[in-house]
Structure formats: structure tokens, C-alpha cells
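Subject: Structure handover

Hello,

I am passing this structure on to you. Please open it first; my notes on what was found follow below.

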Amino acid sequence: MMNSLKKGLNKFLVIVSLLLLLLIPLIIFFLMDFRTSLMPDEKEMEKVTEQAEQYLQTKYPEMKYEISDVSYNSEKKSGNYDYAAMILDTETQKTFMVYENRRTGKMEDDIPIQEQEEFLKQVKPKIDSYINEKFGETKEIALTASDEVGGIPSLNIGLNSKKDELKEEMFLSFIDYLQYELNIEHASVSIIYDNGNELWDKEF
């Protein structure tokens with residue numbers, strides 16, 4: 001009886017040891033691969049620098065600039081690029097990025113995105129004031145620029161009101177206010193009510 005138990009235990013230990021011998025190299029390989037993916041590729045950094053030079057000479061031939069650095073978007077959580085050249089406009093001292101859009105394969109810069117962000121900062125207080133006056137108390141008002149060139153901003157509003165307390169005409173009037181008073185050409189607007197299940201939304 002004891003011998004059979006020992007034999008069974010020894011067999012179990014051998015199997016576990018073999019599994020560990022197989023797993024450890026795999027774990028090391030995946031860790032090394034993950035670490036490598038977080039490190040920028042020097043050739044890609046040189047490539048985007050050259051591409052940025054050509055792009056700037058074509059699109060902004062009069063601009064005086066310096067390429068100060070290259071950004072590597074390792075986590076890819078935002079932005080449609082992997083590598084971006086960081087550009088300093090030496091006359092305005094403003095910085096921006098030039099990169100290859102990973103979806104389109106075309107070079108672009110984020111100046112339009114920065115301009116959209118700046119414009120939204122300017123109109124945000126007016127939007128807050130209008131909503132609080134016309135719709136009442138709010139839970140949140142989030143106005144977010146798109147992280148894509150040519151993308152549209154989003155405006156998400158959380159209200160303490162029930163949907164039946166407000167008329168659709170009020171929502172449509174608000175859309176008109178955004179378009180014709182604040183000159184917001186395009187946006188995705190959502191108003192979420194107190195119960196969290198009902199909303200009005202519109203994209204223009």
C-alpha cells in the first residue's frame with residue numbers, strides 16, 4: 001500500500017516538474033516579448049523623423065521648426081499612430097505632432113485637434129450656462145474633443161430631471177444654439193436623464 005502511494009506521488013511530482021519545465025520558458029518568452037513591445041524601434045523612430053521632415057516641407061514650407069523628440073505610442077490607448085515626431089514651431093513656441101495615421105497610412109499633424117480643443121474650452125462656459133438655465137440641475141457636462149483629425153467632438157450631459165419633465169423642442173433648440181450661436185459645425189450630443197435609461201441624442 002505504502003509503495004503504491006509512493007509510486008503515485010513520485011509520478012505526480014514528475015508530471016508537475018515536466019509541466020513546470022515547459023511553462024517556465026513560455027512565461028519567460030511572453031514576458032520578454034511584452035517588454036520588447038514596450039520599447040521603441042530605432043528604425044521606426046528614424047523613419048517617422050524623415051517622414052515628418054518631408055511632410056512639414058510640403059504642408060508648412062514657411063514654418064521654422066525643430067524636431068525635438070519622437071513619441072512612441074506603445075499602449076495604443078489613444079491616437080491613431082504608433083510613432084510621432086514632436087515638432088516645436090520656433091516662432092510661436094507651440095508644439096504639435098506629425099505622424100502616420102495607422103488606419104489610413106497617410107501622414108498628418110494634430111494641429112486641427114489642438115485647435116478643436118482650444119475652441120471647445122472657449123465655448124464650454126456658455127454651454128454650461130445654457131444647460132443650467134434651460135434644463136436645470138445637472139450631474140455632469142462633459143465636452144470632449146475627438147482624438148482624430150476631422151473627428152467630431154462629443155457632448156454628454158447628465159440631468160437630474162426625468163425625460164417627461166422636458167420637451168423635445170427644448171433639446172432641438174439647444175442643438176440650434178450649438179450650431180448657430182456657438183458655431184459648432186459638428187458634434188455628437190447626448191442628454192441622459194435621471195433614470196439612466198432614457199436619453200435624447202443627435203449627431204450633426
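Which residues line the largest pocket? The model is a predicted one, and in it the lining consists of Met63, Asp89, Thr92, Lys94, Thr95, Phe96, Ile111, Gln114, Glu115 and Glu118. The volume of this pocket is about 240 Å³. Sorted by class, its lining has four charged, three polar and three nonpolar residues. Two elements, strand 3 (95-100) and helix 3 (111-134), each supply at least two of the lining residues. Helix 3 gives the most, with four residues.

Next, the cavity. The search of the whole structure finds one cavity of 30 Å³ or more. About 40 Å³ of space lies in the largest cavity. Its lining is made up of Leu120, Ile127, Leu143, Pro153, Leu155, Leu178, Ile184, Ala187, Val189 and Phe204. How do these residues divide into nonpolar, polar and charged? The lining of the largest cavity has 10 nonpolar residues, with no polar and no charged ones. For the pocket, by contrast, the lining includes four charged residues.

On to the sheet. As general background, strands of a sheet pair through backbone hydrogen bonds, in either a parallel or an antiparallel way. Here, four strands form an open sheet in the order 5-6-7-8, and the pairing is mixed. Strand 5 (138-144) and strand 8 (199-203) are at the edges; each has a single partner strand, so one side of each is left without a neighbour in the sheet. From one strand to the next, the twist averages 5 degrees. Strand 7 (residues 188-192) pairs with strand 8 in the antiparallel sense, over five bridges. Isoleucine 191 has tryptophan 200, in strand 8, as its bridge partner.

Helix 3, already mentioned for the pocket, also lies across strand 5 and strand 6 (154-159). Its direction is at about 155 degrees to strand 5.

Last, the aromatic rings. The count comes to seven aromatic pairs. One of them is formed by tyrosine 60 and phenylalanine 96, which are edge-to-face at 6.3 Å centre to centre, with 65 degrees between the planes. Why does this pair tie together parts that are apart in sequence? Tyrosine 60 lies in the loop between helix 2 (42-59) and strand 1 (65-72), while phenylalanine 96 lies in strand 3, so the pair ties together parts 36 residues apart in sequence. Phe96 is also one of the residues lining the largest pocket.

Regards

Note on methods:
Residues numbered from 1 in each chain as written. Predicted model: local features only at pLDDT ≥ 70, side-chain atom pairs only at ≥ 80, totals over all residues. Heavy atoms only, no water. 1 Å grid on protein atoms, 1.4 Å probe; cavity = no way out; pocket = protein on both sides within 12 Å on 5 of 7 lines; lining within 4 Å. Points joined across faces, edges and corners; volume = space filled by probe spheres on them. Nonpolar A, V, L, I, M, F, W, Y, C, P; charged D, E, K, R; others polar. Pairing = 2+ DSSP bridges. Axes fitted to C-alpha atoms, helices over the stretch in contact; angles between N-to-C directions. Contact = heavy atoms within 4.5 Å. Phe/Tyr/Trp six-rings, centres within 6.5 Å; stacked < 30°, edge-to-face > 60°.
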